[in-house]
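Hi,

Here is the model I promised to pass on. Have a look at it first, and my notes follow underneath.

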Amino acid sequence: MSITNKGEGYFGTCQEDIREELNRHSMIDGYEIHHFKDVVCQCGNTTFTLHIDDVECVAGRTCISCGVQHVMLDGEDYLEDAELYHAICACESEPFEITVGVNLYPDDKGLSNDVRWLYIGCRCPKCNQVGCYADWKNEFNGYEKLLSNA
């Protein structure tokens, strides 16, 4: 459970290593992640193809095991204008394990429940490379509801 920098990227051995890479990435961005969600299909599978539109801030996934397609997070609200591209690892492989992280707005008690920034990280089971595949500002009220739709 520790990522390794091999010069051409960061590599891990399990889905939990995505969290370490997202933490590293978020600290550079200045929006430290407060909560994570490892993506698991309703069938129990943990590998997916990933489709992203960074402009419209939409992500979708398709389960490799059962084929269920799912628009992630609050993407349904922006899907109409989205042009999703197919994410592929640097090793030209797919599918991925996916983990989502959120940064929350501060409030007078410490942290609110409202999302400020969102991160989508992946690990390629073929080559083990981990990375942040998307991040964007997200003004969702109630991070638990948002993450439950990952």
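**The helix and what it sits on**

The buried residues of H1 are Asp 17, Ile 18, Glu 21, Leu 22 and Ser 26; buried here means under 20% relative accessible area, with exposed being over 50% and partly exposed in between (1.4 Å probe, protein chains only). Helices (H or I, at least four residues) and strands (E, at least two) are DSSP runs, numbered from the N terminus.

Before I go on, the ground rules: this is a predicted model, where local features need pLDDT of at least 70, side-chain atom pairs count only at pLDDT 80 or more, and totals for chains, interfaces and linings use all residues. Residues are numbered from 1 along each chain as its sequence is written, and side-chain values use heavy atoms, with hydrogens and water left out.

Back to H1. The helix covers residues 16-29, which is 14 residues, and its first and last C-alpha atoms are 20 Å apart, close to the 20 Å expected at 1.5 Å a residue (the expected span being 1.5 Å times one less than the number of residues). Right after H1 comes Gly 30, with a positive phi near 90°.

What does H1 pack against? Its buried residues pack against S2 (10-11), S3 (35-38), S8 (97-107), S9 (110-123) and S10 (129-137), where contact means heavy atoms within 4.5 Å. The helix lies across those strands and runs at about 120° to S9; axes are lines fitted to C-alpha atoms, for helices over the stretch in contact, and angles run from 0 to 180 degrees between N-to-C directions.

**The six-stranded sheet**

The strands under H1 belong to an open sheet of six, ordered S1-S2-S10-S9-S8-S3 with antiparallel pairing. S1 and S3 are the edge strands, each pairing on one side only. Two strands pair if DSSP finds at least two bridges between them, and S2 and S10, which run antiparallel, are joined by two bridges. Tyr 10 has Val 130 in S10 as its bridge partner.

**The four-stranded sheet**

There is also an open sheet of four strands, in the order S6-S5-S4-S7, again with antiparallel pairing. Its edge strands are S6 and S7, each of which pairs on one side only.

S5 (residues 58-63) is joined to S4 by six bridges, and the two run antiparallel; Phe 48 stands opposite Cys 63 in that pair. S5 is largely enclosed by the rest of the structure, because six of its six residues are buried. Both faces are covered: Val 58, Gly 60 and Thr 62 are buried on one side, and Ala 59, Arg 61 and Cys 63 on the other. S4 (residues 48-53) is mostly covered too, with five of its six residues buried.

The hairpin of S4 and S5 has four residues between the strands, and Cys 57 there takes a positive phi near 60°. S5 and S6 form another hairpin, with five residues between them and a positive phi of about 80° at Gly 67 in the turn. Three bridges join S5 to S6, antiparallel, with Thr 62 opposite Gln 69. On the other side of S4, two bridges connect S4 to S7 (residues 85-86), also antiparallel, and Ile 52 stands opposite Tyr 85.

**Two residues to click on**

Is Glu 97 buried or exposed? This S8 residue counts as buried because its relative accessibility is 11%. Its side chain makes a polar contact of 2.7 Å with the side chain of Arg 123, and also reaches the backbone nitrogen of Gln 15 at 3.3 Å. A polar contact is a pair of N or O atoms within 3.5 Å; within protein, one must be able to donate a hydrogen and the other to accept it, and residues adjacent in sequence count only if both atoms are side-chain atoms. Leaving aside neighbours within four places in sequence, the contacts of Glu 97 include Cys 14, Ile 18, Thr 46 and Pro 125.

Ile 64 sits in the loop between S5 and S6 (69-71). Ile 64 is partly exposed, with a relative accessible area of 45%. Not counting residues up to four places away in sequence, Ile 64 touches Asn 45, Thr 47, Phe 48, Thr 49 and Pro 95. The C-alpha atoms of Ile 64 and Thr 49 are 7.0 Å apart, with the two residues 15 apart along the chain.

**Confidence**

pLDDT is the predictor's confidence in each residue, from 0 to 100. The chain averages 95, and 99% of the residues score at least 70. Confidence is lowest in S1 (residues 4-5), at a mean of 92, and highest in S3, at 98.

Cheers
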